[in-house]
Structures are given as structure tokens and as C-alpha cells.
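Visitor: I'm new to this one. Can you walk me through it?
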Amino acid sequence: MKAIIQRVSKANVVIDDKKVASIKSGLLILLGIVNEDTQEDISWLSNKITNLRVFDDENGVMNTSLKAENGQAIVVSQFTLHASTKKGNRPSYIKAAKPDVAIPLYERFISQLEHDLGKKVQTGRFGANMKVELVNDGPVTIIIDTKNKV
């Protein structure tokens with residue numbers, strides 16, 4: 001699994017001119033899934049995101065986690081995170097898991113994140129053409145790949 005995590009002061013997801021998700025302070029999580037991803041990847045990534053200290057403490061130092069901050073989250077599926085651009089100018093998405101594999105893993109990740117945070121997580125809709133709007137706070141953008149844990 002690969003995730004791009006952005007600390008936001010606000011974010012929302014719009015599908016067919018309808019806002020389906022909206023948060024204020026929190027994290028926007030773009031999630032890419034490959035066939036090799038497992039429950040271990042889900043658990044590790046959810047724990048990492050929940051406890052990642054990217055929010056300012058009382059001294060203005062990034063030392064507080066989403067969980068400690070009681071912040072909100074939006075998870076958006078994004079197969080393009082696994083694009084290969086090695087050949088030519090047209091990206092290849094062959095590494096990205098197909099929906100029959102990706103959807104159950106995506107749903108399990110959302111459930112795990114909700115469990116770890118102790119609150120509901122908002123989402124986009126898997127496979128939909130989404131308009132994602134955000135105000136990146138900082139900016140803080142972090143890329144995490146469960147295949148590169150060490």
C-alpha cells in the first residue's frame with residue numbers, strides 16, 4: 001500500500017457536483033493498493049497514520065498525532081499512486097490492484113483506521129471521478145509505502 005498523507009485545514013470530495021466528504025483540521029489520505037497488499041499492510045499503515053506526529057503542539061512543533069489532536073480524516077482511493085513512468089510518456093498502471101482485489105482492501109483499511117482513531121472516517125467513492133479540494137496546512141505532505149517499512 002502506498003499513501004500520500006496531507007495535513008489539511010480543510011478538504012472535501014465532490015462527485016457529480018455533490019459533496020460526499022468534508023473535513024476541517026485533519027488528514028487527507030490518498031491510498032493506492034497493489035495485489036500483494038495484506039492485512040499486515042493495512043494494520044501497519046493505519047497505525048502509522050493514526051500516530052504520525054504531524055500536528056503542532058503548544059510550542060508550534062510538529063509533535064502531535066491525528067489521534068491525539070482528535071482530527072478528522074478523508075480516505076480517497078487513488079490507483080495512480082502506483083503509476084510506472086519508466087517507458088515513454090504514458091503512465092502504466094499495471095501494478096495497481098484491480099477492483100476485485102482493491103475494493104475489499106480499501107474497505108478494510110477504512111475500517112481499521114476508524115477502529116484505530118475511534119471515530120468515523122470520511123471517504124470518496126472507489127472508482128468514481130472525484131474532485132478533491134484541499135488546503136494543505138504547512139504544507140505538510142508525506143508519502144508512506146508499506147513495502148519500504150525499514
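Guide: We'll take helix packing, then the cores, then a few single residues. Keep in mind that this is a predicted model.

Visitor: Okay, helices. At what angle do helix 1 and helix 3 pack?

Guide: About 40 degrees. Helix 1 covers residues 39–51 and helix 3 covers residues 99–117. Their axes are 9 Å apart.

Visitor: What does that make helix 1 relative to helix 3?

Guide: Oblique, because of that angle. Helix 1 passes helix 3 in a right-handed crossing.

Visitor: Which residues in helix 1 and helix 3 meet?

Guide: From helix 1, they include Ile-42, Leu-45, Ser-46 and Ile-49. On the helix 3 side, Leu-105, Arg-108, Phe-109 and Leu-113 are among them. By class, this contact has seven nonpolar, six polar and two charged residues.

Visitor: Switching topic. How many residues are in the largest nonpolar core?

Guide: There are 27. Ile-29, Leu-31, Ile-49, Val-75 and Phe-109 touch the most other members.

Visitor: And which elements each supply at least two residues of this core?

Guide: Five strands and two helices are easiest to take by name. The strands are strand 1 (2–15), strand 3 (26–32), strand 4 (53–56), strand 6 (72–77) and strand 8 (131–145). Helix 1 and helix 3 do so too. Helix 3 gives the most, with seven residues.

Visitor: What does Leu-31 touch?

Guide: Leaving out residues up to four places away in sequence, its contacts include Met-1, Ala-3, Leu-45, Val-75, Leu-81, Tyr-106 and Phe-109. Lys-2 and Gln-78 are also among them.

Visitor: How many residues are in the other core, the one lying apart?

Guide: That one has 14 residues. Ala-11, Leu-28, Ile-74 and Ala-128 are among them.

Visitor: Now single residues. Is Arg-7 buried or exposed?

Guide: Buried, because its relative accessibility is 7%, and the cut-off for buried is under 20%. Arg-7 sits in strand 1.

Visitor: What is Arg-7 in contact with?

Guide: Setting aside neighbours within four places in sequence, the partners include Gly-26, Leu-27, Val-54, Phe-55 and Asp-56. Met-62, Val-135, Asp-137 and Gly-138 are also among them.

Visitor: What about the prolines? Where is Pro-91?

Guide: Pro-91 is in the loop between strand 6 and helix 3. It counts as partly exposed, because its relative accessibility is 31%.

Visitor: What does Pro-91 touch?

Guide: Ala-83, Ser-84 and Thr-85, not counting residues up to four places away in sequence. Thr-80 is eleven residues from Pro-91 along the chain, and their C-alpha atoms are separated by 8.6 Å.

Visitor: And where is Pro-139?

Guide: In strand 8. The peptide bond from Gly-138 to Pro-139 is cis, with omega near -5 degrees.

Visitor: Any backbone angles to look at? What is phi of Asp-16?

Guide: Near 50 degrees, a positive value in a residue other than glycine. Asp-16 lies in the loop between strand 1 and strand 2 (18–23). At 68% relative accessibility, Asp-16 counts as exposed.

Visitor: And what is phi of Asn-70?

Guide: Near 55 degrees. That is a positive value too, and Asn-70 is not glycine.

Visitor: Where does Asn-70 lie, and is Asn-70 buried or exposed?

Guide: Asn-70 lies in the loop between helix 2 (66–69) and strand 6. It counts as exposed, because its relative accessibility is 56%.

Definitions and conventions. Residues are numbered from 1 along each chain as its sequence is written. This is a predicted model: local features need pLDDT of at least 70, side-chain atom pairs count only at pLDDT 80 or more; totals for chains, interfaces and linings use all residues. Side-chain values use heavy atoms; hydrogens and water are left out. Axes are lines fitted to C-alpha atoms, for helices over the stretch in contact, and angles run from 0 to 180 degrees between N-to-C directions. Helices (H or I, at least four residues) and strands (E, at least two) are DSSP runs, numbered from the N terminus. Angles under 35 degrees count as roughly parallel, over 145 as roughly antiparallel, 65 to 115 as roughly perpendicular and the rest as oblique. A crossing is left-handed if the near helix is turned anticlockwise from the far one by less than a right angle, and right-handed if clockwise. Contact means heavy atoms within 4.5 Å. Ala, Val, Leu, Ile, Met, Phe, Trp, Tyr, Cys and Pro count as nonpolar, Asp, Glu, Lys and Arg as charged, and the others, Gly among them, as polar. A nonpolar core is a set of buried Ala, Val, Leu, Ile, Met, Phe, Trp, Tyr and Cys residues joined through side-chain atoms within 4.5 Å. Buried means under 20% relative accessible area, exposed over 50%, partly exposed in between (1.4 Å probe, protein chains only).
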